[in-house]
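Here's a quick look at where the charged side chains sit and who they pair up with. Have the structure open while you read.

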Amino acid sequence: MRNSLRSSKAVANRVASVLGMLLALGLAVMLALALGFAAYFLSRPNATAEMFRRSATAQNPATASGEFIFFTILAFLYLMWASLPLSIGSNKQFDPGRLLMYPISLRKLFAIDFLSEVTTLQSVFALPAILAMSIGAGLARGELTSSLIAAVPVAAFGLTLSKWLSTAIGSLVRSKRARGETILALVGAIAGLGGALAGQVAPILFKHAGSFTALRWTPPGAAAFLLAVGSRADPFGYLLAFVALSGYTFVLVIATYWIARRAALGLGGDKRRKVLTMAKENLPPYTGWQLPLLPDDLSAVVEKEMRYALRNAQLRMMSIMPLILVVIRLVNTKRFGSGVKGTDAARSFLTYASPLMSTGGILYVFLILAGLSCNLFAFEEGGMRTLILSPIDRSKILIGKNIAITAIAVIFSAVLLSINGIVFRDLSATTLLFGALSFVTFAAIMSVLGNSFSIRFPKRMQYGKRLNVSGVAGLLLLPVLLLLAVPPLASALAGYFTRSLLIEYATLAAFAALSVGLYFLLINFQGRALERREIDILEVVREPTDV
């Protein structure tokens, strides 16, 4: 019976993963069609010049060319290829494992792993887009064959870039886990900030597009030349760009294989230093934290979770991610100004909806922490046995984990709101009250749903990944976020229609009270569910080498 239940869960996770991939593929096809039509119209003779001549203004002169627009699109695709796996940790890492015991060469294993890169989320979006752009540009110029040939190195470089980055970071994580996790998280945060800023600085780049001819030697520049200019207009330039982009790809393939080979064979690893342990005498026994208003067993669970959070390098670096919202708002404020424009109805609605911007930042904090709150036992591994053998009420284990994640969310939200208040000076007492009530609502609902996901759909932690949730939980994250957004939006609408701030805050307070009441009503039931499924959770989250 247990085996059939486990099989049902595996099937549910697989179905959810397939549905998520099909949804992503549908969006990718829509994006590819849009880019294909755009490439077709941009590649028509004199179409780009006419378009920019009509839309030119004193602030935005018509200096951009079709080649530069291709460069911008391809640079964004390459940035997505590199930043998406670092942002959500979804990239595959080469690990031949026990396959080295079979008479299969390492090069063949590496080739198979390299080809599997086309199934990653970033490749599902980027590859159809590149193919559609090459078809659109080729049809517009009447040279479809050369355009499709040019798409080969354009797509190959993106695949190689993603694989090289994931292999290098994965090797670093396996050899020096703490330092590797820190570098991985830091690079991911910087890449996320860079991706957010890319769209903000695009108008500045368009103003100086005429001075970007030197960028043809860069990978996106060579790719843009191949797709935008083609072989008929400049055969020598086409051949030179093709060779340059193929050379970049070849160098990255060699570097990726070299790193993967050294990691698979255990070469080049630092020798572990012997640590001499000295017995400490005359020290009082450690009694653990004594948190006020909490019993000793619950304090022990909270202490364990918080101590791990303090040692988790990725979690520390994830605190940088909410700053993306501050940067985007700062750039847009400087570009468009901070004055409130629009009709009287719009200004009246902003009177009641002004705290929603800060509340959106708090909601984003819960989004980046979803990998923890929806998979509470991912980091336990063999330590799950200790929780099973401990004489602690299972509901207290869940409460302790919820308290720890809520405390982390409090710190992240406080930092975000403090920086937002310092930069924009729009943090008022009413905004803080609205944010606090929304935070209580988010924390209670996320704890209830996160406990259920963690119990029914556990998943073992994989280092180098931050979105450590099962297929079902990952598929349900979007509806959960929409559910979390309902209370603050409904409260703002209630205040707007009744023209009363008191009604607005009373509605949000009622949502917060109902959420907290629901949490305490269900926590004992979830504790009993954890007690029934704890052995199954242990078998999922433990290391494969554990017995």
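A search through the whole of this predicted model turns up 7 salt bridges. Here are three of them, with the gap between the closest N and O atoms.

| Acidic residue | Basic residue | Closest N and O atoms |
|---|---|---|
| Glutamate 143 | Arginine 141 | 2.9 Å |
| Glutamate 303 | Arginine 307 | 3.0 Å |
| Glutamate 305 | Lysine 304 | 2.6 Å |

Start with the pair of glutamate 143 and arginine 141. Is glutamate 143 buried or exposed? It's buried, because its relative accessibility is 8%, which falls under the 20% cut-off. Arginine 141 comes out at 16%, so it counts as buried too.

Next up is glutamate 303 with arginine 307. Both belong to helix α12, which covers residues 296-311, and they're 4 residues apart, or about one turn of the helix. How do the two ends of this bridge fare for exposure? Glutamate 303 has a relative accessible area of 7%, so it's buried. Arginine 307 has 37% and is therefore partly exposed.

The bridge between lysine 304 and glutamate 305 has its N and O atoms 2.6 Å apart at the closest. Lysine 304 is partly exposed because its relative accessible area is 34%, while glutamate 305, with 16%, is buried. There's a bit more to this one: salt bridges with shared partners tie Lys304, Glu305 and Lys401 into one network.

Now for a charged residue without a partner. Glutamate 504 sits in helix α22, which runs over residues 501-541. Which side chain of opposite charge is nearest to glutamate 504? That's arginine 499, but it's 10 Å away, and glutamate 504 has no salt bridge even though it's buried. To form one, a side-chain nitrogen of Lys or Arg would have to be within 4 Å of a carboxyl oxygen. So what does glutamate 504 touch? Leaving aside residues up to four places away in sequence, its contacts are Tyr352, Phe434, Ser491, Ala492 and Gly495.

Finally, a stop at helix α16, residues 356-368. This helix has 13 residues and spans 18 Å from first C-alpha to last, close to the 18 Å expected at 1.5 Å a residue. Which of its residues are buried? In α16 they are Ser358, Thr359, Gly361, Ile362, Leu363, Val365, Phe366 and Ile368.

Terms used
Residues numbered from 1 in each chain as written. Predicted model: local features only at pLDDT ≥ 70, side-chain atom pairs only at ≥ 80, totals over all residues. Heavy atoms only, no water. Helix = DSSP H or I, 4+ residues; strand = E, 2+ residues; numbered from the N terminus. Buried < 20%, exposed > 50% of the residue type's maximum accessible area, 1.4 Å probe, protein only. Lys, Arg positive; Asp, Glu negative; His and termini not counted. Contact = heavy atoms within 4.5 Å. Expected span 1.5 Å × (residues − 1).
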